[in-house]
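Colleague: I would like to go through this model with you and ask where its descriptive words come from. Could you show it to me before we start?

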Amino acid sequence: MLEAWGLILTTDMARQVRRWRADGYTWRAIGAAADEVWGTASRGNQLFGRDLCLDAARMLGEDPDADPWS
């Protein structure tokens with residue numbers, strides 16, 4: 001598990017973040033989706049979305065600079 005902005009990120013959550021990114025979600029949209037699904041309060045903050053992507057990629061053993069992350 002990893003912690004991003006007070007959210008304990010699990011492998012299942014990391015996979016969901018990856019799906020969102022693969023579906024073309026921006027960092028802001030990922031922040032907003034996380035707020036809706038997991039009850040975080042970032043108000044769609046793009047830095048939160050970016051941090052989720054970075055942590056999710058690392059958790060899944062993927063390069064955060066490669067597709068679908070970049």
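**Words and the values behind them**

Modeller: Let me begin with Trp5, which is partly exposed, with a relative accessible area of 47%. This is a predicted model, where local features need pLDDT of at least 70, side-chain atom pairs count only at pLDDT 80 or more, and totals for chains, interfaces and linings use all residues. Residues are numbered from 1 along each chain as its sequence is written, and side-chain values use heavy atoms, with hydrogens and water left out.

Colleague: Why is Trp5 called partly exposed?

Modeller: Buried means under 20% relative accessible area, exposed means over 50%, and partly exposed is what lies in between (1.4 Å probe, protein chains only). Trp5 has 47%, so partly exposed is the right word. Trp5 sits in the loop between strand E1 (2–4) and strand E2 (7–9); strands here are DSSP runs of E with at least two residues, helices are runs of H or I with at least four, and both are numbered from the N terminus.

Colleague: What is Trp5 in contact with, leaving aside its neighbours within four places in sequence?

Modeller: Contact means heavy atoms within 4.5 Å, and Trp5 has such contacts with Asn45, Leu47, Phe48 and Asp51. The C-alpha atoms of Trp5 and Leu47 are separated by 9.9 Å, although the two residues are 42 apart along the chain.

Colleague: What makes the pair of Trp20 and Tyr25 stacked?

Modeller: Rings of Phe, Tyr and Trp (its six-membered ring) pair if their centres lie within 6.5 Å; planes under 30 degrees apart count as stacked, over 60 as edge-to-face and the rest as tilted. For Trp20 and Tyr25 the values are 6.0 Å centre to centre and 20 degrees between the planes, which fits a stacked pair.

Colleague: And why is the pair of Trp20 and Trp38 called tilted?

Modeller: The ring centres of Trp20 and Trp38 are 5.2 Å apart and the planes stand at 50 degrees, so this pair is tilted. It links distant parts of the chain, with Trp20 in helix H1 and Trp38 in helix H2 (residues 27–38), 18 residues apart. Trp20, Tyr25 and Trp38 form one aromatic cluster.

Colleague: How do you know whether Trp20 is buried or exposed?

Modeller: Its relative accessible area is 7%, so Trp20 is buried. Tyr25, at 31%, counts as partly exposed, and so does Trp38, at 24%. Leaving aside neighbours within four places in sequence, Trp38 is in contact with Leu7, Met13, Gln16, Val17 and Trp20.

Colleague: What makes H2 roughly perpendicular to H3?

Modeller: H2 and H3 pack at an angle of about 85 degrees, with their axes 7 Å apart. That angle makes H2 roughly perpendicular to H3, since angles of 65 to 115 degrees count as roughly perpendicular, under 35 as roughly parallel, over 145 as roughly antiparallel and the rest as oblique. Axes are lines fitted to C-alpha atoms, for helices over the stretch in contact, and angles run from 0 to 180 degrees between N-to-C directions.

Colleague: Which residues of H2 and H3 make the contact?

Modeller: Among them are Trp27, Ile30 and Ala34 of H2 and Phe48, Leu52 and Cys53 of H3.
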